[in-house]
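Student: I'd like to learn how to read a fold from its strands and helices. Can you walk me through one?

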Amino acid sequence: MKTIPEIKNSAIATLKIEAEAILKLTEHIDDDFVKVVKEILAIKGRIIITGIGKSAIIAQKIVATMNSTGTPAVFMHAADAIHGDLGILQSDDLIIAISKSGNTPEIKVLVPLLKQSENKLVALVGDIHSYLAKQADYILNTTVDKEACPLNLAPTTSTTAQLAMGDALAICLLECRSFSDTDFAKYHPGGSLGKRLYLKVGDLATQNEKPSVSIHDSIKQVLVEITKNRLGAAAVVDNENVVGIITDGDIRRMIESYDNISLLTAKDIMGENPIKIQKSELAVNALNLMRKNNITQVIVLDKNKYFGIIHLHDLLKEGII
């Protein structure tokens, strides 16, 4: 059994080997890389990405990244391609074949079939002198010195390099298309990530009651309104305009400061100039406001009119945090 220091050293060595390999890829960002980006931007079809073994898994990840960043892509397994899946390929598509050696039997069978069409073929390959590289129109060089595996057998550094090159390609395409966070939200409508990009403050405020009191309301009325609506606060409103806010904290401070509260009104204990946000703002912006001001509620406005209140718990419930 390895000792704790030996285990840590093994992990560190692996990460260093892979980090150095990725850094060395910067030397391989050449004219072919630029041409591939331009080809993809110009095509009317999709990117078909293929591979075998671990390269096939990397191909699926690159496809997912492309699709989520505005570049339509489809995965085609190299082995399945020669048994019917070549039907995926259309005349306007561009093909990226991923392989460390570029000489696997499946690749050697597949490439001639791909060359029968007029589709451009890109080799994302670890050997620029391989069969695949020689047949390709463009080469994305992912050569590595060695695998992180001490036996130099298990695909580790090589697959990391493939993935990193795929990311570099995807990000270049994203930036060339001026792909925005709004565009990103269209492809990620589900989960907390999507909600951070599209959920609006107004969407949350409408799920809550709309607690409010007037400046002349009694403390009893204020307490009833805050307790009834379970948001820990009520807006102080005058002619639909928000002039203040009363929170649980204001109530506690009032009790500490006054022996007789019977003559007090909302105006006497409210916090003036409360933090506000427009209903059209993203919910994540409300979260940022809460964090910046160390508060748990934000008043929501529809232009200048009172619209409601959202609470930190609303953001928690939606997975924004």
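Tutor: Sure, we'll go from the sheet to the helices and end on a single residue. Keep in mind that this is a predicted model.

Student: Let's start with the sheet. What order do the strands come in, and with what pairing?

Tutor: For any sheet, read the order across it and then the direction of each pairing. Here five strands form an open sheet in the order S2-S1-S3-S4-S5, and the pairing is parallel. Strand S2 (73-77) and strand S5 (138-141) are the edge strands, each pairing on one side only. From one strand to the next, the twist averages 20°.

Student: Over how many bridges do S3 and S4 pair?

Tutor: Five bridges, in the parallel sense, join strand S3 (residues 94-99) to strand S4 (residues 121-125). To pick out one bridge, find Ile98: its partner in S4 is Leu124.

Student: Which strands do helices H3 and H5 lie across?

Tutor: Look at what each helix touches, then at its angle. Helix H3 (residues 54-68) lies across strand S1 (47-51), S2 and S3, and runs at about 165° to S2. Helix H5 (residues 105-115) lies across S1, S2, S3 and S4, at about 155° to S4.

Student: Now H2. What should its length be at 1.5 Å a residue?

Tutor: Helix H2 (residues 31-42) has twelve residues, so it should span 16 Å, and its end C-alpha atoms are indeed 16 Å apart. At the N-terminal end there's a cap: a side-chain oxygen of Asp30 sits 3.2 Å from the backbone nitrogen of Asp32.

Student: Which residues of H2 are buried, and which are exposed on the other side?

Tutor: The general idea first: an α-helix has 3.6 residues a turn, so residues three or four places apart point the same way. In H2 the buried ones are Phe33, Val36, Val37, Glu39 and Ile40. They sit on the same side of H2 because they cover an arc of only 165° around the axis. Asp31, Lys38 and Ala42 are exposed on the other side.

Student: What covers the buried residues of H2?

Tutor: The cover includes S1, S3, S4, S5 and helix H7 (157-176).

Student: Let's zoom in on Thr159 in H7. Is Thr159 buried or exposed?

Tutor: Check the accessibility against the cut-off: buried means under 20%. Thr159 has 13% relative accessibility, so Thr159 counts as buried. A polar atom of its side chain lies 2.9 Å from the backbone oxygen of Thr156. Setting aside neighbours within four places in sequence, Thr159 is in contact with Lys54 and Ile58.

Methods: Residues numbered from 1 in each chain as written. Predicted model: local features only at pLDDT ≥ 70, side-chain atom pairs only at ≥ 80, totals over all residues. Heavy atoms only, no water. Pairing = 2+ DSSP bridges. Helix = DSSP H or I, 4+ residues; strand = E, 2+ residues; numbered from the N terminus. Axes fitted to C-alpha atoms, helices over the stretch in contact; angles between N-to-C directions. Contact = heavy atoms within 4.5 Å. Expected span 1.5 Å × (residues − 1). Buried < 20%, exposed > 50% of the residue type's maximum accessible area, 1.4 Å probe, protein only. Arc of directions from axis to C-beta. Polar contact = N/O pair within 3.5 Å; in protein donor to acceptor, adjacent residues only side chain to side chain.
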